[in-house]
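Please open the structure in your viewer and keep the selection panel at hand, since this tour moves from one selection to the next and says what is found at each stop.

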Amino acid sequence: MKIRPLHDRVIVKRLEAEEKTASGIVLPGNAAEKPDMGLVEAVGAGKIQDNGSVRPMSLKVGDKVIFGKYSGQSVKVDGEELLVMREEDVMGVVEG
Amino acid sequence: MKIRPLHDRVIVKRLEAEEKTASGIVLPGNAAEKPDMGLVEAVGAGKIQDNGSVRPMSLKVGDKVIFGKYSGQSVKVDGEELLVMREEDVMGVVEG
Amino acid sequence: MKIRPLHDRVIVKRLEAEEKTASGIVLPGNAAEKPDMGLVEAVGAGKIQDNGSVRPMSLKVGDKVIFGKYSGQSVKVDGEELLVMREEDVMGVVEG
Amino acid sequence: MKIRPLHDRVIVKRLEAEEKTASGIVLPGNAAEKPDMGLVEAVGAGKIQDNGSVRPMSLKVGDKVIFGKYSGQSVKVDGEELLVMREEDVMGVVEG
Amino acid sequence: MKIRPLHDRVIVKRLEAEEKTASGIVLPGNAAEKPDMGLVEAVGAGKIQDNGSVRPMSLKVGDKVIFGKYSGQSVKVDGEELLVMREEDVMGVVEG
Amino acid sequence: MKIRPLHDRVIVKRLEAEEKTASGIVLPGNAAEKPDMGLVEAVGAGKIQDNGSVRPMSLKVGDKVIFGKYSGQSVKVDGEELLVMREEDVMGVVEG
Amino acid sequence: MKIRPLHDRVIVKRLEAEEKTASGIVLPGNAAEKPDMGLVEAVGAGKIQDNGSVRPMSLKVGDKVIFGKYSGQSVKVDGEELLVMREEDVMGVVEG
């Protein structure tokens, strides 16, 4: 059982505190929205354009991403809490 | 008697609590808008573009979808409560 | 005497309560805007695009449509109250 | 002495109460903006597009039109009060 | 000494009360913004489009124009008060 | 040491009161934003368009320009206060 | 361990006070948003356009940039505080 995100949305699983610490990246945040970290579990097919073509996605399954703490909407699948958000809400990919 | 949605709208029948539980997906929600689940009963022909062509729809009849709890407008057809919403308001399709 | 709507507007005659009940469709509404039902009496020629072409209309005269209760502006023609609204404000067509 | 409206604007002369009554059309209005009736006295050349071409107008001089009561700006030419508004503010043309 | 307006801006010299009266046009205005009258003293080269082409201007030097009383920004050149505004803010050209 | 403005931004050095007076142009302003005068010290390469091409700039180094008093952001380079603003915020070029 | 910014975002390391002073550039700011200075550490691949092509970036790694003090979101990577912002938020590049 899984969720296939529509258009330019992605499914992200928030990482636990220990996983974030192990990555060497801390997310102090500023202003109103603190960044958070997670793993991409599914990506949409891309946004359907006016001419019927599809704008490709930049993210792929497995990417470790940083996003605003309050981005997306949470949903529980088989007991696992996931986030549905737009690729636009993802700030960057953690590498290395 | 049925409703054919215009342009990029879809008709969705909200699923009952027991059906949602059976799916293994729980919808706790966050922020102001909690997600909900339903079945697509009808889809529009797509949005008519400026050049007269039609942007195709991603959803099809029978899709089990997740959407914001307050998305769409309710209408009762032959005693059955349905929701009319835009495809854009649908976050994803439940598979499997 | 009649009104020819401009661009992407349509003229709609609101249906009486008994006609709505007979259709088997009830319009309970939710949120701020309750849906209502009516008959399309006239449709505009379509929106004139930047290149001079005209984007075709989806609705046609005689369509039984659902729209937001506060959509459009009312006007009385030969004693009959009509609504002028944009096709975009129409949610769907009742069939069957 | 007259005013040539720029781009997609039109000049409209509001009809007197007796003329409106004679037309068989009453304008009760709803919501915040009540519709009113008038005669088109001049139309702009159309909106200049980005590529230099001009988007044609739908209205022509002599059209009897319905528009929002507070649409446009009034100006007195040789003692006659006129309205300058955009074609977009015109809801429809009275025929017959 | 003069000012060359940039892009789609025009320089307008507001007409004195006696000149306006002589024209046979009175500007009573309505709503929040009353119209005013002036002479076009300079026009920009037009708006530069994304592809590098320039969208031509409709107004030319010498046009007597009507515009919203609070449109534009005033600037004094060699003791003469002028207004800098966008062509879009001009409602029409007085002819005859 | 200097600043190269990005995209459609320009660097402007505000003129002193005596220089403005000498130009014969006074800037009384109206509404909320009073115009000011300055010299263009640097111009960006132009805005990068969606297709990768660059929209050319209208301003060039040395232009004496008029702009809104509160336009741009101030920055001190080698003791000299400069303004960074978008070309769109510049109303016109003083000639002569 | 590093962060690859998505689309048109860049990663910037804020410069310390002494580095800024050494550059001969002071950032007094005005209005609500004071400018700040930093070094570009990473740039996104560019914004994916509707047709699938990528709009190129103007900034490159190593650029010394000026940006609004409250632009971007802070994130700590291996103990180093960085900012993630859009190229659009960068006002200019400090040159030698």
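Begin by selecting Arg86(A), which counts as partly exposed because its relative accessibility is 24%, where partly exposed is the range between buried (under 20% relative accessible area) and exposed (over 50%), taken with a 1.4 Å probe and protein chains only. Before going further, note that this is a predicted model, in which local features need pLDDT of at least 70, side-chain atom pairs count only at pLDDT 80 or more, and totals for chains, interfaces and linings use all residues. Residues are numbered from 1 along each chain as its sequence is written, chains are lettered from A and ligands numbered from 1 in the order in which they are written, and side-chain values use heavy atoms, with hydrogens and water left out.

Now add Asp8(A) to the selection: its side chain meets that of Arg86(A) in a salt bridge, 3.1 Å from N to O, the term standing for a side-chain nitrogen of Lys or Arg within 4 Å of a carboxyl oxygen of Asp or Glu. Arg86(A) lies in strand 9 (residues 80-86) and Asp8(A) in the loop between strand 1 (2-5) and strand 2 (9-14) of chain A, so the pair ties together parts that are 78 residues apart in sequence. Asp8(A) counts as buried, at 8% relative accessibility. Select Glu88(B) as well, and you have a network of salt bridges that links Asp8(A), Arg86(A) and Glu88(B). Over all chains, the count of salt bridges comes to 43.

Next, colour chain A by secondary structure, which comes to one helix and 10 strands; helices (H or I, at least four residues) and strands (E, at least two) are DSSP runs, numbered from the N terminus. Following the chain along its sequence, you should meet the pattern β-β-α-β-β-β-β-β-β-β-β. Of the 96 residues of chain A, 50% count as buried.

Move on to chain E and select Lys13(E) together with Glu80(E), whose side chains meet in a salt bridge with 3.1 Å from N to O. This pair links distant parts of the chain, with Lys13(E) in strand 2 (residues 9-14) and Glu80(E) in strand 9 (residues 80-86), 67 residues apart. Lys13(E) is partly exposed, with a relative accessible area of 31%, and Glu80(E) is also partly exposed, at 28%.

In chain B, select Glu41(B), which is found in strand 4 (residues 35-43) and is partly exposed, with a relative accessible area of 35%. What does Glu41(B) touch, not counting residues up to four places away in sequence? Its contacts, meaning heavy atoms within 4.5 Å, are with Ile11(B), Val12(B), Lys13(B), Val61(B), Glu80(B) and Leu82(B).

Turn then to chain C, where Asp63(C) forms a salt bridge with Lys60(C), the closest N and O atoms being 3.1 Å apart. Asp63(C) is buried, with a relative accessible area of 7%.

For the last stop, stay in chain C and select His7(C), in the loop between strand 1 (2-5) and strand 2 (9-14). Most residues other than glycine have a negative phi. The phi of His7(C), however, is near 55°, a positive value, and His7(C) counts as buried at 9% relative accessibility. Finally, select His7(F), whose phi is near 55° and whose relative accessible area of 8% makes it buried.
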